[in-house]
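Reader: I'd like a close look at one part of this model rather than a tour of everything. Could you take the sheet built from five strands and walk me through how it is put together and what packs on it?

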Amino acid sequence: MTGVLQQRREVEATPGVVRVEAWSEFEWLRAGFSTRQGGGSVAYGAGEQNLGWTGEDDTATVAENRRRFVAEVSGEREVALVTVRQLHGGVVQVVRRGGAALETAEGKAVLQGDGLITGERGLMLGIQTADCVPVLVADTRKRVVGGFHAGWKGTLAGIAGVGVEAMVREFGARPEDFVAAIGPSIGPCCFAVGEEVRRQFEERFGDAGELFAVGDGGQIFGDLWEANRRQLVEAGVRAEAITVVGECSACARLEDGRRRYFSYRAERGVTGRMMSVIGVVEG
Ligand SMILES: [Zn+2]
């Protein structure tokens with residue numbers, strides 16, 4: 001019996017997930033960031049967990065990867081996943097049950113924007129990335145949650161701060177009750193940018209000078225983790241309530257050398273997608 005179970009586990013590896021340790025005290029809160037391993041995709045490497053509808057992977061495999069990942073994080077066998085058509089901007093959508101359909105028959109997102117917030121129970125919000133910064137936020141008093149997609153353009157648009165403000169406005173939440181996590185994404189080690197990107201940040205943020213460093217060869221590197229952390233603090237989230245996972249999607253490796261995450265930059269656009277999910281499963 002044991003042998004059969006072990007064999008099965010080898011074939012169907014557990015979906016890779018990075019959880020926020022500090023959140024384990026909140027039993028009602030379910031959240032996690034996916035890693036590359038533990039799925040059925042073969043498009044970018046065998047046994048991988050691609051969670052995006054990419055051109056190279058097949059739809060049925062991605063759908064099954066999504067179902068298994070959401071079940072792993074939520075602890076629920078069947079729980080609704082709500083995603084958004086991401087546009088690299090600063091628009092946040094409020095997810096409410098009973099309105100218009102939130103996805104197509106094929107499971108594709110209907111809503112457009114770069115943030116989702118909800119006070120509903122029993123559904124998971126999903127943000128897709130492959131280098132961009134996923135930011136997850138929860139109000140521990142009102143049990144309202146949000147997920148935000150902050151690439152450099154979304155960060156420039158202030159999506160994390162806009163998201164916190166939307167949670168306050170829509171649900172009467174208080175930022176001092178929030179916990180937040182900045183997930184695996186391209187780090188200051190690998191996020192090389194041109195002068196024009198730094199200039200745009202300098203025009204918008206007074207402290208932008210502290211978000212960029214110049215390497216030995218004169219290359220400019222940006223720190224999107226710190227930029228988003230500062231936006232959360234600026235919006236009223238307590239600094240000690242923010243977890244920065246601090247793993248770089250472009251250079252983090254497993255012990256055997258395989259990539260731990262999908263990286264759009266490092267793999268020149270031909271790669272899968274991670275998903276970051278957050279939800280409240282019980283009232
Ligand atoms: Zn890196």
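**A close look at the five-stranded sheet**

Author: Sure, let's start inside the sheet and work outwards. Val82 stands opposite Leu125 in β7. That pair belongs to the contact between β4 and strand β7 (residues 123–129), which run parallel and are joined by three bridges. Keep in mind that this is a predicted model. The chain averages a pLDDT of 93, and 95% of the residues score at least 70. The weak spot is residues 5–11, where pLDDT stays under 50 and the model has zero contacts beyond four places in sequence.

Now the layout. The sheet is open, its five strands come in the order β1-β2-β15-β7-β4, and the pairing is mixed. β1 (17–18) and β4 (80–82) stand at the edges with a single partner strand each, so one side of each has no neighbour in the sheet. Helix α2 (residues 59–74) packs on this sheet and touches β1, β2 (29–34), β4, β7 and β15 (274–280). The direction of α2 makes about 135 degrees with that of β2.

As a quick reminder on the chemistry, strands of a sheet pair through backbone hydrogen bonds, either parallel or antiparallel. You've already seen the parallel case with β4 and β7. For the antiparallel case, go to the other edge: β1 and β2 pair that way over two bridges. There, Val17 stands opposite Ser34 in β2. Step across to the next pair, and β2 and β15 are also antiparallel, over five bridges. One residue to click on here is Phe33, whose bridge partner in β15 is Ser276.

β2 deserves a pause. Six of its six residues are buried, so β2 is largely enclosed by the rest of the structure. In a regular strand the side chains alternate between the two faces of the sheet. Both faces of β2 are covered: Leu29, Ala31 and Phe33 are buried on one side, and Arg30, Gly32 and Ser34 are buried on the other. So if you colour by burial, the Phe33 that bridges to Ser276 and the Ser34 that faces Val17 both light up, since all six residues of β2 count as buried.

Next, follow α2 to Ser74, which is found in that helix. Ser74 is buried, with 23 other C-beta atoms within 10 Å; the cut-off for calling a residue buried is 20 or more. Leaving aside residues up to four places away in sequence, Ser74 touches Arg30, Val79, Met124, Gly279 and Val281. Arg30 is one of the buried residues of β2. For a sense of scale, Ser74 and Ile127 are 53 residues apart in sequence and 15 Å apart in space, C-alpha to C-alpha.

How does this part sit in the whole chain? The chain has six helices and 15 strands. Among contacts between residues at least 6 apart in sequence, 67% join residues at least 24 apart. Buried residues make up 44% of the 283 residues. A compact globule with 283 residues would have a radius of gyration near 19 Å, and the chain has 18 Å, which agrees. If you want a box for your setup, the C-alpha trace spans about 60 × 45 × 35 Å along its principal axes.

There's another sheet to set beside ours. An open sheet of six strands has the order β5-β6-β9-β8-β10-β14, again with mixed pairing. β5 (92–95) and β14 (242–244) are at its edges, each with a single partner strand, so one side of each is left without a neighbour. Within that sheet, strand β8 (residues 133–139) and strand β10 (residues 178–182) pair in the antiparallel sense over five bridges. Val135 has Ile182 as its bridge partner in β10. As α2 does on the five-stranded sheet, α4 packs on this one, touching β5, β6 (115–118), β8, β9 (144–150) and β10. Its direction makes about 155 degrees with that of β9.

Val135 comes up once more in the largest nonpolar core, which has 66 residues; Val135, Val137 and Ala180 have the most contacts inside it. The largest share of this core, six residues, comes from helix α4 (residues 159–171).

Definitions and conventions
Residues are numbered from 1 along each chain as its sequence is written. This is a predicted model: local features need pLDDT of at least 70, side-chain atom pairs count only at pLDDT 80 or more; totals for chains, interfaces and linings use all residues. Two strands pair if DSSP finds at least two bridges between them. Helices (H or I, at least four residues) and strands (E, at least two) are DSSP runs, numbered from the N terminus. Two residues are in contact if their C-beta atoms, placed from the backbone, lie within 7 Å. Axes are lines fitted to C-alpha atoms, for helices over the stretch in contact, and angles run from 0 to 180 degrees between N-to-C directions. The radius of gyration is taken over C-alpha atoms; the globule rule is 2.2 Å times the number of residues to the power 0.38. A residue is buried if 20 or more other C-beta atoms lie within 10 Å of its own, exposed if 12 or fewer, and partly exposed in between; C-beta atoms are placed from the backbone. A nonpolar core is a set of buried Ala, Val, Leu, Ile, Met, Phe, Trp, Tyr and Cys residues joined through C-beta atoms within 7 Å. pLDDT is the predictor's confidence in each residue, from 0 to 100.
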